[in-house]
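Good morning, and thank you for making time for this. I would like to take you through one protein model, starting with its sheet and ending with two polar side chains.

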Amino acid sequence: MKKTSRFLAVLLLAGSFYSCKEVQAESSGMPNTVENISVEEMKLHLQMEDVQLIDIRSRNEYTEAHILNAKNIVFDEEFRKKLNSLDKFRPVLLYCTDGSKSKKALKVLKRMGYQNVQELDKGFEQWMIKDGQVKTSE
């Protein structure tokens with residue numbers, strides 16, 4: 001019985017420690033662990049935060065149409081070098097055409113030390129379906 005009581009006490013203590021760490025991380029402004037966000041969430045981020053919005057599609061796709069205020073950094077073999085223009089301490093929002101490349105690009109940024117990076121779930125195609133504003137070449 002004593003062993004069971006001690007085991008439960010240790011579990012409760014560990015659980016409360018973990019919960020405190022989670023609250024501490026949230027209140028200290030540490031990065032959000034959610035990596036992919038919906039169109040609605042992205043719109044909120046773009047309205048409320050000083051974010052770096054990055055379109056990783058080709059230059060032609062970007063020129064044809066892109067989300068307002070997005071910067072084009074093509075996801076290619078030079079991608080890592082081009083990231084030097086970004087601020088590692090500001091949030092980064094990524095998008096590609098359908099969400100497949102932005103997931104890979106997100107991992108690259110994380111490995112390079114960017115902590116607050118998110119990508120648009122299902123990409124620019126989803127943005128267009130949900131009637132997001134775009135800038136076109138017209």
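A crossover between two strands is called right-handed if, with the strands pointing away from the viewer, the path from the first strand over the helix to the second runs clockwise. Please keep that convention in mind, and please note also that what you see is a predicted model.

Let me begin with the overall inventory. The protein contains six helices and seven strands. Read from the N terminus, its elements follow the order α-β-α-β-α-β-β-α-β-α-β-α-β. There are 138 residues, and 31% of them count as buried. The accessible surface is about 9,400 Å², with 55% of it belonging to carbon and sulfur atoms. Among contacts with a separation of 6 or more, 66% are between residues 24 or more positions apart.

I turn now to the sheet. Five strands form an open sheet with parallel pairing, in the order β1-β6-β5-β2-β4. At its edges are β1, residues 36–37, and β4, residues 71–72, each of which pairs on one side only.

Consider strand β5, residues 92–95. On one side of this strand are Val92 and Leu94, on the other Leu93 and Tyr95, and all of these are buried, so both faces of β5 are covered. Strand β2, residues 52–55, runs parallel to β5 and is joined to it by four bridges; here Gln52 stands opposite Val92. Strand β6, residues 117–120, also pairs with β5 in the parallel sense, over three bridges, and in this pairing Leu94 is opposite Glu119. Strand β6 is in turn joined to β1 by two bridges, again running parallel. Glu119 of β6 appears in this pairing too, with Asn36 standing opposite.

This brings us back to the convention with which I began. Strand β5, helix α5 (residues 100–111) and strand β6 make a right-handed β-α-β unit. Helix α5 lies across β1, β5 and β6, and runs at about 175° to β6.

Within that helix, I would draw your attention to Lys103. Is Lys103 buried or exposed? The answer falls between the two: its relative accessibility is 36%, and because that value lies between the 20% and 50% cut-offs, Lys103 counts as partly exposed. Setting aside residues up to four places away in sequence, Lys103 touches Asn36, Glu119 and Asp121. With Glu119 there is a polar contact between the side chains, at 2.9 Å. As for Gln118, its C-alpha is 8.8 Å from that of Lys103, the two residues being 15 apart in sequence.

The second residue I would single out is Asp55, in strand β2. Asp55 counts as buried because its relative accessibility is 0%, which is under the 20% cut-off. Which residues, beyond its neighbours within four places in sequence, is Asp55 in contact with? They are Tyr62, His66, Ala70, Lys71, Asn72, Ile73 and Tyr95. With Tyr95, a polar contact of 2.8 Å joins the two side chains.

To close, let me place the two side-chain pairs side by side. Lys103 of helix α5 makes its polar contact with Glu119, and Asp55 of strand β2 is joined to Tyr95, one of the buried residues of β5. Thank you; I would be glad to take questions.

How values were computed: Residues numbered from 1 in each chain as written. Predicted model: local features only at pLDDT ≥ 70, side-chain atom pairs only at ≥ 80, totals over all residues. Heavy atoms only, no water. Buried < 20%, exposed > 50% of the residue type's maximum accessible area, 1.4 Å probe, protein only. Pairing = 2+ DSSP bridges. Contact = heavy atoms within 4.5 Å. Axes fitted to C-alpha atoms, helices over the stretch in contact; angles between N-to-C directions. Areas by Shrake-Rupley, 256 points an atom, 1.4 Å probe, with all protein chains shown as cover. Polar contact = N/O pair within 3.5 Å; in protein donor to acceptor, adjacent residues only side chain to side chain.
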